[in-house]
Amino acid sequence: MNVRAAAANVLFQVVDKGHSLSHALPAAQKTIRPRDHALLQEICYGALRYLPRLESIANELMENPLKGKKRVFHHLILVGIYQLSFMRIPSHAAVAETVEGTETLRGPSLRGLINAVLRNYLRNQEELDAIAVSHNAGKYGHPSWLLKLLQEHYPQQWENIVEANNSKAPMWLRVNRQHHTRDEYLALMQEAEIGCSVHAYAADAIKLDSPCDVTLLPGFDKGWVSVQDAAAQLSVDYLTPKDGELILDCCAAPGGKTAHILEHTVDTEVVAIDSDATRLNRVYDNLERLQLRADVICGDARYPQEWWQGEQFDRILLDAPCSATGVIRRHPDIKWLRRANDIEALAALQSEILDAMWQQLKVGGTLVYATCSITPQENKDQVKAFLARTANAELQGSDIENPGRQILPGEEDMDGFYYAVMTKRA
């Protein structure tokens with residue numbers, strides 16, 4: 001398939017049909033040559049980052065919007081505008097290849113229209129770009145509800161958050177300390193001539209100077225290293241797992257935190273549960289590559305009696321379902337798939353899971369509540385409400401008026417994440 005046509009179809013699936021980019025993009029990659037996978041990803045990610053800006057330009061150039069069965073060709077126009085605005089592809093090649101996409105999408109009668117629209121943009125690019133960024137959505141690339149939320153809760157940092165959300169995420173690695181120390185693995189990276197640096201306090205984290213194929217990483221197939229953002233790696237620091245304990249990783253897929261716990265301990269029994277059977281396949285795959293073992297269960301965290309009849313757990317990592325507003329730079333479709341009222345529904349679900357998991361924790365045990373969100377309702381407000389209604393819960397390492405730690409997107413070049421540590425009194 002023509003790469004631009006594939007990109008248009010991905011945007012159509014995400015923006016119009018509400019499918020996630022993580023589902024639509026891999027499906028589209030199967031239709032094109034492997035050497036074009038990176039180009040397809042760049043176009044799709046970039047177009048979703050700057051969607052309102054591209055839409056504004058398209059609307060200025062089109063007298064009548066494309067609707068119904070022609071809707072995918074609207075997204076083909078957005079693909080063309082994105083290339084001309086943000087990519088180094090020569091303009092004549094970008095226009096020609098985008099127009100050629102009409103053949104793949106079975107709309108050859110629209111060749112002339114799309115060619116004219118893109119060439120008109122090239123002739124009037126400066127003026128059209130100025131119009132596109134004259135409103136907040138086009139300027140900042142965020143829906144109004146999310147921009148308002150950021151401005152309200154982070155009045156000093158919201159512009160930095162927006163900038164981080166619209167940037168390309170770095171590639172972080174987690175060194176498997178069962179095979180090498182981080183310094184030992186750094187030496188292997190230097191031998192392989194792969195530029196990288198270490199994190200200031202995430203002890204197993206290495207950041208690549210530029211992303212690369214995992215097959216180029218020393219010992220990746222042997223489980224020496226995994227891809228995981230540094231903020232997610234901090235979960236093991238807050239959980240502080242000990243050898244021989246019974247530990248639950250709740251909402252565990254795709255299994256990175258499960259594996260990290262096992263890499264830090266010996267003779268530890270780790271139970272990993274998730275309600276999504278399909279996503280649990282990635283947990284199995286990760287454990288197999290790393291040669292680690294966990295008890296993997298498909299179950300609803302709200303109803304542990306349905307999937308667990310064993311002892312209470314020494315430690316529970318609850319990486320709760322959330323709005324994922326902290327990982328927008330990795331998943332730009334979140335901006336357009338999430339709605340303001342999703343936050344309230346997610347907070348209610350988190351509360352239910354938190355109460356259920358607390359009953360599965362031993363007296364003296366530790367529960368780490370975590371999300372990849374930056375909304376207070378899902379994070380510090382959630383924890384404050386839990387502490388208020390749970391007499392035997394004791395917050396550790398933070399102020400009860402501002403509980404937990406909120407990592408904002410781009411902080412130490414990490415994703416946005418939240419952690420709160422609580423122990424259970426008798």
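In the predicted model, strand β6 and strand β7 (residues 295-298) pair in the parallel sense, and four bridges connect the two. Within this pairing, V271 has D295 of β7 as its bridge partner. The connection between the two strands passes through helix α16 (residues 277-290), and β6, α16 and β7 together make a β-α-β unit that is right-handed. Strand β6 also pairs with strand β5 (residues 246-250), again in parallel, through five bridges. Here the partner of L248 is V271 in β6, and V271 is the residue that is also bridged to D295 in β7. From β5 the chain reaches β6 by way of helix α15 (residues 256-264), in a β-α-β crossover that is likewise right-handed. Strand β6 itself, which spans residues 269-274, is largely enclosed by the rest of the structure, because five of its six residues are buried.

Two backbone features are found in the loops on either side of helix α15. In the loop between β5 and α15 lies P254, which is joined to A253 by a cis peptide bond with an omega of about 10°. In the loop between α15 and β6 lies D267, a residue other than glycine whose phi is nevertheless positive, near 55°. D267 is exposed, its relative accessible area being 70%. A further positive phi, of about 60°, occurs at E193, which is not a glycine either. This residue, E193, belongs to the loop between α12 (182-191) and β2 (196-198), and with a relative accessible area of 74% E193 is also exposed. Such features deserve mention because most residues other than glycine have a negative phi, and most peptide bonds are trans.

A second set of pairings is centred on strand β12 (residues 417-424), in which eight of the eight residues are buried, so that the strand is mostly covered. The side chains of F417, Y419, V421 and T423 point one way from β12, whereas those of Y418, A420, M422 and K424 point the other way, and all of these residues are buried. Strand β9 (residues 361-371) is joined to β12 by six bridges and runs antiparallel to it, with T371 having Y418 as its bridge partner in β12. The pairing of strand β10 (residues 393-396) with β12 is antiparallel and comprises four bridges; in this pairing, A393 stands opposite K424. Strand β11 (residues 405-407) is also paired with β12 in the antiparallel sense, over three bridges, and R405 has Y419 of β12 as its bridge partner.

Two of the residues named in these pairings, R405 and Y418, recur among the residues that line the second largest pocket. This pocket holds about 160 Å³ of space. Its lining further includes H153 and Y154, together with P376, N379, K380, N402, P403, G404 and Q406. By residue class, the lining of the second largest pocket consists of four nonpolar, five polar and two charged residues.

Across the whole structure, eight aromatic pairs are found. One of them is formed by Y50 and F86, whose rings are stacked, with 4.3 Å from centre to centre and 15° between the planes. This pair links distant parts of the chain, since Y50 lies in the loop between α3 (37-49) and α4 (51-61) and F86 in helix α5 (residues 71-86), 36 residues apart. Both positions retain some accessibility: Y50 is partly exposed at 23% relative accessibility, and F86 is partly exposed with a relative accessible area of 29%. Another aromatic pair, W358 with F386, is edge-to-face, the centres being 5.3 Å apart and the planes at 75° to each other. Because W358 lies in helix α18 (residues 340-358) and F386 in helix α19 (residues 380-389), the pair ties together parts that are 28 residues apart in sequence. In this pair W358 is buried, with a relative accessible area of 2%, and F386 is buried at 1% relative accessibility. Finally, Y50 and F86 belong with Y82 to one aromatic cluster.

Note on methods. Residues are numbered from 1 along each chain as its sequence is written. This is a predicted model: local features need pLDDT of at least 70, side-chain atom pairs count only at pLDDT 80 or more; totals for chains, interfaces and linings use all residues. Side-chain values use heavy atoms; hydrogens and water are left out. On a 1 Å grid over the protein atoms alone, a cavity is a set of points where a 1.4 Å probe fits but cannot get out, and a pocket is an open set with protein on both sides within 12 Å along at least five of seven lines; lining residues have an atom within 4 Å of a point. Grid points are joined across faces, edges and corners, and a volume is the space filled by probe spheres set on the points. Ala, Val, Leu, Ile, Met, Phe, Trp, Tyr, Cys and Pro count as nonpolar, Asp, Glu, Lys and Arg as charged, and the others, Gly among them, as polar. Buried means under 20% relative accessible area, exposed over 50%, partly exposed in between (1.4 Å probe, protein chains only). Two strands pair if DSSP finds at least two bridges between them. A crossover is right-handed if, with the strands pointing away from the viewer, the path from the first strand over the helix to the second runs clockwise. Rings of Phe, Tyr and Trp (its six-membered ring) pair if their centres lie within 6.5 Å; planes under 30 degrees apart count as stacked, over 60 as edge-to-face and the rest as tilted.
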